[in-house]
Amino acid sequence: MEILVNRKKIDIDTTEIHTLQELVKTIEENIISQAGHVLTQIEVNQICLSDEQEAEYAQFPVNQIEQLSINSCPPYELVLSGLEDSLQILPQIIETLGSCVTKLSEDVISEAMDEFIVATDGIQWFTTIINGSISVYGSNINEKGDFIRSSIQLSEILNEILEAHSNSDITAFGDLIEYELEPMLEKMLKQIPSYLNELKGIKL
């Protein structure tokens, strides 16, 4: 079996290792974490695994692995890459929310909720990137900066939306999405470039 970490061949004793999950954990603990990196991609027998496939392949036998390629990077690179990706992903989330509001106005509630679930998956990803940036850059970030203040407001809006949903208040639910959530995401979309520049100027 050939094992590559960031395209460099490495040797690992796999005598006591039986599954892909065990092997990846060993590599994470002994190589990736030691370098101060986080794991970003796993490729098994030239198949690049998605998050869902990682779970499916967890118990994949080590003796059936011909090649394992793992990529990693410093946490700050993951944060910057995520923020750059969000410039393309946020408009899609906003568009999905708009579709949700339209379906709510047409009283097609089940379809509207399907759209909302898709949007919230994206928003959850976005908030993970925001929290990651705060975790990685810590006190170096300007806590009173526009983007950070907006992220706090975003959290408050999401809580209000969840409350309206739990109360089955569809009118408030739709209004909060249309008049609070969508404008806030549009605002944050405009703030990302300056926030990115701020982070890129910080020496860790």
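**Exercise 1. Find which residues of helix α5 are buried, and what they pack against.**

Solution. In α5 of this predicted model, the buried residues are Phe147, Ile148, Ser150, Ser151, Leu154, Ile157, Leu158, Ile161 and Ala164. The next step is to look at their surroundings, where these buried residues pack against α3 (75-105), α4 (109-137) and α6 (170-200). The helix itself covers residues 146-166, and its 21 residues reach 30 Å from the first C-alpha to the last, close to the 30 Å expected at 1.5 Å a residue. Just after α5 comes Ser168, which takes a positive phi of about 55°.

**Exercise 2. Work out how α5 is oriented relative to α6.**

Solution. Two packed helices are described by the angle between their axes and the distance between those axes. For α5 and α6, the axes come within 10 Å and cross at roughly 160°. Angles over 145 degrees count as roughly antiparallel, and therefore α5 is roughly antiparallel to α6. The crossing in which α5 passes α6 is left-handed. Sorted by class, the contact of α5 with α6 holds 17 nonpolar, 5 polar and 4 charged residues.

**Exercise 3. Decide whether Gln191 is buried or exposed, and name its contacts away from its neighbours in sequence.**

Solution. Begin by placing Gln191, which lies in helix α6. Its relative accessibility is 11%, and since buried means under 20%, Gln191 counts as buried. Once its neighbours within four places in sequence are left aside, Gln191 is in contact with Asp146, Phe147 and Ser150. Of these contacts, Phe147 and Ser150 also appear among the buried residues of α5.

**Exercise 4. Check the span of α4 against the expected value, and describe how α4 meets α5.**

Solution. The 29 residues of α4 should span 42 Å at 1.5 Å a residue, and because its end C-alpha atoms are 41 Å apart, the two values agree. Among the buried residues of α4 are Met113, Phe116, Ile123, Phe126 and Ile130, and what covers the buried residues of this helix includes α3, α5 and α6.

Turning to the pair, the axes of α4 and α5 come within 12 Å and cross at roughly 145°, in a crossing that is left-handed. From α4, Met113, Phe116, Ile123, Phe126, Thr127, Ile130 and Ile134 meet Phe147, Ile148, Ser151, Leu154, Leu158, Ile161 and His165 of α5. By class, the residues of this contact divide into 11 nonpolar, 3 polar and no charged. As a last step, follow the chain beyond α4 to Gly138, whose phi is positive, near 50°.

Technical notes
Residues numbered from 1 in each chain as written. Predicted model: local features only at pLDDT ≥ 70, side-chain atom pairs only at ≥ 80, totals over all residues. Heavy atoms only, no water. Helix = DSSP H or I, 4+ residues; strand = E, 2+ residues; numbered from the N terminus. Expected span 1.5 Å × (residues − 1). Buried < 20%, exposed > 50% of the residue type's maximum accessible area, 1.4 Å probe, protein only. Contact = heavy atoms within 4.5 Å. Axes fitted to C-alpha atoms, helices over the stretch in contact; angles between N-to-C directions. Parallel < 35°, antiparallel > 145°, perpendicular 65-115°, else oblique. Left-handed = near helix turned anticlockwise from the far one by under 90°. Nonpolar A, V, L, I, M, F, W, Y, C, P; charged D, E, K, R; others polar.
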